[in-house]
Amino acid sequence: MSAEAGSPLYDEFDEIAADLWQHNAKWWQDGFTEGADPEYEEQIIPILAENLIGSRTVLDIGTGEGQLSRVALGISGVERVVGIDPTWEQISEARRRSSKIEYIRAEASQVPFSDESFDTVVACLVFEHIADLAGAISEVSRVLKRDGSFLFFLNHPLLQTPNSGWIDDQIIGEQYWRIGNYLSEQRSVEEVEKDVYIPFIHRPLHVYLNLLASRSLLLTRMDEPPPPQGFLDKAPEYYDAAAIPRLLFLRLKKV
Ligand SMILES: C[S@@+](CC[C@H](N)C(=O)[O-])C[C@H]1O[C@@H](n2cnc3c(N)ncnc32)[C@H](O)[C@@H]1O
């Protein structure tokens, strides 16, 4: 179900999204954490660990049940990790899973820390669910120290645009990846599996990059890793599309 400006889903997106995250917290915890998800195990966690080397203080925005905060605290040299998330079911589970990390109930657009508090800010698969993207990116920039890093993971905004997918056209004998309606922002609630509805906002890549640039966040690295083997083993229908990335990773420096 997608929405246009003026419709209830568009105008009340934040309230609807908050209810859905609350309702689906356990679905996320069961399916995507503690080793359950190959894209985290084989891809996201190794990229994060490699890019945290040299950090002492880390903020994890939209921490969920805190898995990336726990990874961060295990990196040599990291002394303090804070995870924030507005979903109470996630924060309470995060606190249960680690008492060494500060988990705080807070929104990405209102980070409860003073300016230049952290060496590194992480946001993983979060900003594509948030209506106030400009507010969230402003907060990242504000709480980062000068020369600090923003480690930014997104569902690939170009190749995973809503209604994209692998087409196997038997009549004309062609296979290709179709891209959905890329250039317009789209707010939607997707049924990601039976009876599980998750809020998404699609935005074209230039919207992200121009906002980051306007908040003094300079791109220093970009990765588009192919889907890892463990994912393909669980989703063989993706085999033919294995050269189409699902994840985009950006590393930015506060200048
Ligand atoms: C897909 S989960 C990712 C969790 C975690 N980053 C990870 O990678 O395991 C998205 C998370 O974003 C959180 N979230 C939703 N709206 C948010 C907002 N406005 N500010 C911060 N986090 C938000 C949800 O509560 C949920 O925990």
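## A tour of the ligand site, the pockets and the cavity

Start by selecting the ligand and the 18 residues around it; Y40, G62, D85, T87 and E107 are the ones that come nearest. Keep in mind as you look around that this is a predicted model.

**Stop 1: the shell around the ligand.** Colour the shell by residue class and you will find 10 nonpolar, 6 polar and 2 charged residues. Next, show the side chain of Q67: one of its N or O atoms is 2.9 Å from an oxygen atom of the ligand. Now switch on the backbone of A108, where an N or O atom lies 2.9 Å from a ligand nitrogen atom. Then do the same for C124, whose backbone also offers an N or O atom 2.9 Å from a nitrogen atom of the ligand. How much of the ligand does the protein bury? On its own the ligand exposes 600 Å², and 96% of that is buried by the protein.

**Stop 2: the pocket that holds the ligand.** Which pocket does the ligand sit in? It is the second largest pocket, with about 630 Å³ of space. Select its 32 lining residues and centre the view on W21, D85, P86, T87 and V126, which lie nearest the centre of this pocket. D85 and T87 should be familiar, since both were listed among the residues that come nearest the ligand. To see the secondary structure here, show α2 (13–23), β2, α5 and β3 (80–85), the elements that each give two or more residues to the lining of this pocket. Of these, highlight α2, which gives the most, with 6 residues. Coloured by class, the lining of the second largest pocket shows 15 nonpolar, 9 polar and 8 charged residues.

**Stop 3: the largest pocket.** Now move to the largest pocket, which contains about 1,300 Å³ of space. Its lining is made of 42 residues; pick N155, Q160, V192, F200 and R246 to find the ones nearest its centre. Then show the elements that give two or more residues to this lining: α3 (25–32), α4 (38–51), β6 (144–155), β9 (186–193), β10 (196–202) and α9 (229–234). Which element gives the most to the lining of the largest pocket? Select β9, with 6 residues. By class, this lining has 22 nonpolar, 10 polar and 10 charged residues.

**Stop 4: the cavity.** For the last stop, look for an enclosed space: the structure holds 1 cavity of 30 Å³ or more, and the volume of the largest cavity is about 30 Å³. Select L48, L52, V58, D60, L68, S69, A72, V81 and V122 to display the lining of the largest cavity. Two elements to show here are β2 (57–61) and α5 (67–73), which give two or more residues to that lining. The largest share comes from α5, with 3 residues. You have met β2 and α5 before, in the lining of the second largest pocket. Finish by colouring the cavity lining by class: 7 residues are nonpolar, 1 is polar and 1 is charged.

Definitions and conventions
Residues numbered from 1 in each chain as written. Predicted model: local features only at pLDDT ≥ 70, side-chain atom pairs only at ≥ 80, totals over all residues. Heavy atoms only, no water. Near = heavy atom within 4 Å. Polar contact = N/O pair within 3.5 Å; in protein donor to acceptor, adjacent residues only side chain to side chain. Areas by Shrake-Rupley, 256 points an atom, 1.4 Å probe, with all protein chains shown as cover. 1 Å grid on protein atoms, 1.4 Å probe; cavity = no way out; pocket = protein on both sides within 12 Å on 5 of 7 lines; lining within 4 Å. Sits in = over half its atoms within 2 Å of the grid points. Nonpolar A, V, L, I, M, F, W, Y, C, P; charged D, E, K, R; others polar. Points joined across faces, edges and corners; volume = space filled by probe spheres on them. Helix = DSSP H or I, 4+ residues; strand = E, 2+ residues; numbered from the N terminus.
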